[in-house]
Every structure is written in C-alpha cells, then in structure tokens.
Amino acid sequence: MRILTGVKPTGRPHLGNYFGSIKPSLELSKGRESFLFIADLHALTTLKDGVVLREMVYDVAATWLALGLNPDEIVFYRQSDVPEISELNWILSCYTAQGLLERAHAYKAARDAGQEVNAGLYTYPVLMSADILMFRSTHVPVGQDQRQHLEIARDIAQRFNHYHGEVLVLPDPIINDNVAVIPGLDGRKMSKSYDNTIPIFDSAKAIKEKVFSIVTDSTPLEEPKNPDANVLFKMYQLLAGESDAADVRAKLEAGGYGWGHLKKAVHGVIMDGFADARARYDHLMANRGELDAIFAQGAVKARAEAARTLDDVKRAVGLL
C-alpha cells in the first residue's frame, strides 16, 4: 500500500483540520509507505500574493511537523519543488477530454456563481491527477466532496494506459466516514468558508476571545443544563476525551456549573492539549532554515521517485 495526501495552503490550519485531516492522516501513515505534500501550485488558482503564499506554506509545514509528522518516515515535500509533476501534468492534459474537465465540481461551482474561471482552475483536476499518478499511489484518503478528483485521476490513467499499456497505477480511495467533526464557533462544521474556525496555534488571547464569543443560552448558573444542546460541550467532548467530558456533563446536569465555567475549560484544554506541539511550532516558525532543510530533504526523495515514473511515461509517448 502506498498512500498519498495533499494539503492546500489556503489558510492557517484549525482544530477542524486537525481532527478531520491531520490526525487521521498521520495515524493512517504509520507503518505504511506514505507521501504527503503541500500543494502550493494548486493555491495559485486563487492566491496571487506571493508573500502570503510563502507564509502559508511555512505555516502549514510547521503545523504538520509540530503535530507529529516525521519527515524521516514520510516523504514530505513541497509540490513546486518537484518539477516533474508539472511536466507530467502537460502530458496527461493531452489525454484528458474537455468534457471531463467541464464536469468537475469546482469548475461548475465557480462558473455557476459567476466567478472568474482561469485556466488553472479549469485544468485543476489534471494537475491533481499528476500529483497522484506520479508517485504510483495505490490509495488516496479523500472526503466524499473530493472523491470526484480521484475518479478523474483514474479516468485519465485508464485513457493513458489504453494507448500505452499498464504504465500508470489506478489508485483507490480511502474514505473514512468516522472522522471526528468538530463544530465551529456557530455550531456548524468548523470551516474557513464559514469563518468559524479556531486556528490551532493562534495566541492564547485570540483563542480565548474566540471561545468566549460562542453564544450560549441564558440558563441561570444554579439551574441544570443540557450538555448536548450547546456547541461548547460538543467541542470539549472531542478535545478532552471521554472521562473528563463525563465529569463536565455531570456538573452541567447537576446545576451550579455555568457556561462561563465551560468556556474556561474549553480554552484550557486547547492550550494544554497542544502545549508541546505549540512549542515545536513556534520553534520552527522562528527558524525557517529548518523548514527549508526539511523541504530540501523531501524534494530529493520525491524527485527520485518521480523521475522513474516520468521516464516510463516519456518512453511510452515517444519523448525518450
């Protein structure tokens, strides 16, 4: 089994990213051959500020490393450091039907919303296919909303193999329907698109302000409260674990324990639970040279693998 995961640097990683992607991805990679990359080329479809993009790339890298990614065990690289991907992208685009791209959800959503559609957004699925097929990934973790990207990669690989034999590996999806979903500040799924997130490594003050901004009901302090009717308890339950959550549930149901107490508890469990990771993150962000060295190490590993696949592809199409 060879697993590949991509992370688009489009904002500071938040608690929803941790429970929905980072934690399950790191658990899945244990004992398996894994590739994980920061998709900075993909970010160019919407992000035009180079200073911001560089900062986001460093932020995402430092976050994953702080939370347990081991670059000695996982091939961890920056997409733009592997030029072979862009070359494969062009070759695969010559095997991709226009209709396949026009059925892509991201393109249709932007078009229907009247947004500007650049060529990068339109051909986004081909670059993603190059990401996946370049490393002969056998499995790709995806959410239901991303499944189409993997299906497109399989379609392109099948079309290429139809002409040239079994050159490209057709990957299978890994869809985990049991991934924990943490609620955002407004009770909906935590997401940048809802502007309801809590960045993992925000300052203690910023995190406190966000937590204390969560709306609660006016039940008096001394009255019993329904833990399941408030986003705060759902958040605490996921962050603190079963034993501590059971203790807080009992206090809320008994009365005498208010939403203010719970807000302090949520803030505390965020700060305490990620304290060691925060120290590692702060160190990496203050020492960008260490991140550059890790990127360089990952690029060497990734390019060695990419060169083998690209060589096979170029021989198949007649470029070698």
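These legends accompany an overall view and several close-up views of a predicted model.

**Figure 1. The whole protein, before we zoom in.** Welcome to the predicted model, a good place to get your bearings. The secondary structure of this protein adds up to 15 helices and five strands. Along the principal axes, its C-alpha atoms fill a box of roughly 80 × 45 × 35 Å. The protein has 320 residues, and 47% of them count as buried. Among contacts with a separation of 6 or more, 78% come from residues 24 or more positions apart.

**Figure 2. A pair of aromatic rings, Y77 and F135.** Searching the whole structure turns up 10 aromatic pairs. In the one shown here, the ring centres of Y77 and F135 are 5.2 Å apart and the ring planes meet at 45°, so the pair is tilted. Tilted is the word here because 45° falls neither under 30 degrees, which would be stacked, nor over 60, which would be edge-to-face. Y77 belongs to strand β3 (residues 75-78), while F135 sits in the loop between α8 (124-134) and β4 (139-141), so the pair ties together parts that are 58 residues apart in sequence. Both residues, Y77 and F135, are buried. Look around them for F35 and F37 as well: ring pairs join F35, F37, Y77 and F135 into a cluster.

**Figure 3. Q79 and its neighbours.** Follow the chain to Q79, found in the loop between β3 and α4 (83-93). Is this residue, Q79, buried or exposed? Its relative accessibility is 0%, so Q79 counts as buried. Leaving out neighbours within four places in sequence, Q79 is in contact with F37, I38, A39, D40, L41 and H42, and also with I85, L127 and D131. You may recognise F37 from the ring cluster of the previous view, where ring pairs link F37 with F35, Y77 and F135.

**Figure 4. P125 and the packing of helices α8 and α9.** Start at P125, a residue of helix α8. With 3% relative accessibility, P125 counts as buried. Its contacts, apart from neighbours within four places in sequence, are L101, A104 and I152. Now widen the view to take in both helices. Two packed helices are described by the angle between their axes and the distance between the axes. For α8 and helix α9 (residues 147-164), the angle is about 75° and the axes are 9 Å apart. The two helices, α8 and α9, are therefore roughly perpendicular to each other. On the α8 side, the residues that meet α9 are Y124, P125, V126, M128, S129, I132 and L133. On the α9 side, their partners are H149, L150, I152, A153, I156 and A157.

**Figure 5. Helices α11 and α12 packed together.** Here helix α11 (residues 231-240) packs with helix α12 (residues 242-254) at an angle of about 150°, and their axes are 8 Å apart. That angle makes α11 roughly antiparallel to α12. From α11, the residues F233, Y236, Q237 and A240 meet D244, A245, V248, R249 and L252 of α12. To relate this view to the previous one, take Y236 and P125: their C-alpha atoms are 37 Å apart in space, and the residues are 111 apart in sequence.

**Figure 6. Y194 with a charge over its ring.** Y194 is found in the loop between β5 (172-174) and α10 (204-212). At 37% relative accessibility, Y194 counts as partly exposed. What lies over the face of Y194? The answer is R188, at 4.0 Å from the ring centre. Not counting residues up to four places away in sequence, Y194 touches D186, R188 and K189. G184 is 10 residues from Y194 in sequence, and the two are 8.4 Å apart in space, C-alpha to C-alpha.

**Figure 7. H267 and its contacts.** H267 has its place in helix α13 (residues 259-273). With a relative accessibility of 16%, H267 counts as buried. A polar atom of the H267 side chain lies 3.1 Å from the backbone oxygen of A204. Beyond residues up to four places away in sequence, H267 touches A204, I207, K208 and V211. One of these, K208, also lies over the face of F212, at 5.7 Å from the ring centre.

Key
Residues are numbered from 1 along each chain as its sequence is written. This is a predicted model: local features need pLDDT of at least 70, side-chain atom pairs count only at pLDDT 80 or more; totals for chains, interfaces and linings use all residues. Side-chain values use heavy atoms; hydrogens and water are left out. Rings of Phe, Tyr and Trp (its six-membered ring) pair if their centres lie within 6.5 Å; planes under 30 degrees apart count as stacked, over 60 as edge-to-face and the rest as tilted. Helices (H or I, at least four residues) and strands (E, at least two) are DSSP runs, numbered from the N terminus. Buried means under 20% relative accessible area, exposed over 50%, partly exposed in between (1.4 Å probe, protein chains only). A charge sits over a ring if NZ of Lys or CZ of Arg is within 6 Å of the ring centre and within 35 degrees of the ring normal. A polar contact is a pair of N or O atoms within 3.5 Å; within protein, one must be able to donate a hydrogen and the other to accept it, and residues adjacent in sequence count only if both atoms are side-chain atoms. Contact means heavy atoms within 4.5 Å. Axes are lines fitted to C-alpha atoms, for helices over the stretch in contact, and angles run from 0 to 180 degrees between N-to-C directions. Angles under 35 degrees count as roughly parallel, over 145 as roughly antiparallel, 65 to 115 as roughly perpendicular and the rest as oblique.
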